[in-house]
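Subject: Structure handover

Hello,

Here is the structure I promised to pass on. Please open it before reading the rest.

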Amino acid sequence: MILSTPALVVDLDLFEANVAAMEALLQGSGKTVRPHVKTHRTPELARRQLGGSVVGITCATVGEAEAMVEAGFDDVLIANEVVGPGKIARLVSLARRASIAVAVDDPEPAAALSQEAVRVGVTVGILIDVDILLHRCGVASAEDAVALARVIEQSPGLRLRGIMGYEGRLRLGDDDRAGKIAGAYACMAEVSEAVRSAGFAVDVVSGAGTSTLREALADPTITEIQAGVYALMEPELLDLGLPFRCAVSIRGTVISRHPGRIVLDIGRRAVGVEYGPPQPIGFAATDIAISDEHTRIVMADPLPPLGSEVDLVPGQIRTTFNLHDDVWVSRGGRLLDRWPISARGSSQ
């Protein structure tokens, strides 16, 4: 197989070990996981995350959900608000082919979803989105959640499945990390209890991510975990002590070399840098600078030869995947196949 750089490569041995490690963590917890496929937008990788405690997949956009349903996935949560007649029509259309649920935090889109679901003759699942920390989307109080639950229950074509909330990425060194997580989950518990006490079913309490996985597993309220990064892992989360390893690299070619430095054909158009530059595998760098089409690495001798290939670990894998049409997969260091990133660019 001929690989042209820059290229995205997933080590299947590490990927599968990460998936197995997640399953082991969930054993005996009574919780399920709904992997967030915005991490890689690749149906073939998502397919290999199914089984065991996995109950379906999570998507961030209608476009992602369309790509995954087209690939054969039949249980999809869009963990985001969807408004506007065009997107609502696309979402409801998917419910003809799969079990579809979506986050809602306002009666207006709930009414629009109901009207379209009745027209098409389907039922759409609803999770009430709760603002538990980020102050982004979500109802602001338990009272608002109960009022919205009442609207949903009275809306034909909709079925209230429960609630969801996302506390965001909380790194090990963040100020008052434990307090923020505890407060977020206490908010989820308060809303869940209020909705149940008002006479509505709360079958699912969905949330969390890879950075808060251990806390979510220990929390008695959370029933479903939406983590996605765990399967491929990002370097800045390695200090959390989770049983996951970085399974993806970006492969580049040495296109220039001078005393004390090399230049690779990897730039910001091929790798996400929101969490810092990609890190080399197999040698240490004293400085890394990245521009549109190049990565300059300052390092000690011996320098890799001109034309040789070098692997780097991306700091932000979600953006990185969205910059590529396909991903190579390897096992034992040998390239096996190339899979399409079918939901690349599906942000609408």
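What follows is a short tour, from the whole chain down to single residues.

**Overall**

Note that the model is predicted. The chain has 348 residues. Its secondary structure comes to nine helices and 17 strands.

How does the radius of gyration of the chain fit a compact globule? A globule of 348 residues would come out near 20 Å, and the chain has 22 Å, so the two agree. Along the principal axes, the C-alpha atoms fill a box of roughly 70 × 45 × 35 Å.

Buried residues make up 54% of the chain. The exposed surface is about 14,500 Å². Carbon and sulfur atoms supply 49% of that surface. Take the contacts with a separation of 6 or more: 69% of them join residues 24 or more positions apart.

For charges, the count is 33 positive and 44 negative. The mean positions of the two sets are 5 Å apart.

**The cores**

The largest nonpolar core has 90 residues. Leu91 and Ile225 have the most contacts inside this core. Another core lies apart from it, with 12 residues. Among them are Val254, Ile266, Ile297 and Met299.

Leu91 is a good place to start looking. Leaving out residues up to four places away in sequence, Leu91 touches Val62, Ile78, Val82, Ile100, Val102, Leu113 and Val124.

**Around Val82**

Val82 sits in the loop between β4 (75-81) and α4 (85-94). Is Val82 buried or exposed? Its relative accessible area is 6%, under the 20% cut-off, so Val82 is buried. With the four places on either side left out, the residues touching Val82 are Val62, Lys87, Ile88, Leu91, Val102, Ala103 and Pro109. Val62, Leu91 and Val102 are among these partners. Val62 and Val102 also appear among the contacts of Leu91.

One distance to check here: Val82 and Asp105 are 23 residues apart along the chain. Their C-alpha atoms are separated by 9.9 Å.

**Helix α3**

Val62 leads on to helix α3, residues 62-70. This helix is mostly covered, with seven of its nine residues buried. The buried ones are Val62, Gly63, Glu64, Ala65, Ala67, Met68 and Val69. Glu64 is on that list, so check it if you set up charges. What do the buried residues of α3 pack against? Their partners are α2 (43-47), β3 (57-59), β4, α4 and β5 (99-104). Just after α3 comes Gly72, with a positive phi of about 110°.

**Ser114**

Ser114 lies in helix α5, residues 107-120. Its relative accessible area is 7%, so Ser114 counts as buried. Beyond residues up to four places away in sequence, Ser114 touches Ser155, Pro156 and Leu158.

**Backbone details**

Where are the cis peptide bonds to look at? One runs from Thr5 to Pro6, with omega near 0°. Pro6 lies in the segment before β1 (7-11). Another joins Asp301 and Pro302, with omega of about 0°. Pro302 lies in the loop between β14 (295-298) and β15 (309-313).

Two residues other than glycine deserve a line each for phi. Asp176 has a positive phi, near 50°. Met233 has a positive phi too, near 70°.

Their settings are as follows. Asp176 lies in the loop between β7 (158-165) and α7 (177-197). With a relative accessible area of 54%, Asp176 is exposed. Met233 lies in the loop between β9 (224-225) and β10 (248-258). Is Met233 buried or exposed? Its relative accessible area is 1%, so Met233 is buried.

**Asp175**

Asp175 is found in the loop between β7 and α7. Asp175 is exposed, because its relative accessible area is 64%, over the 50% cut-off. From Asp175 to Val76 is 99 residues in sequence. In space the two are 34 Å apart, C-alpha to C-alpha.

That is the handover.

Best regards

Methods:
Residues numbered from 1 in each chain as written. Predicted model: local features only at pLDDT ≥ 70, side-chain atom pairs only at ≥ 80, totals over all residues. Heavy atoms only, no water. Helix = DSSP H or I, 4+ residues; strand = E, 2+ residues; numbered from the N terminus. Rg over C-alpha atoms; globule rule 2.2 N^0.38 Å. Buried < 20%, exposed > 50% of the residue type's maximum accessible area, 1.4 Å probe, protein only. Contact = heavy atoms within 4.5 Å. Areas by Shrake-Rupley, 256 points an atom, 1.4 Å probe, with all protein chains shown as cover. Lys, Arg positive; Asp, Glu negative; His and termini not counted. Charge placed at Lys NZ, Arg CZ, Asp CG, Glu CD. Core = buried A, V, L, I, M, F, W, Y, C linked by side-chain atoms within 4.5 Å.
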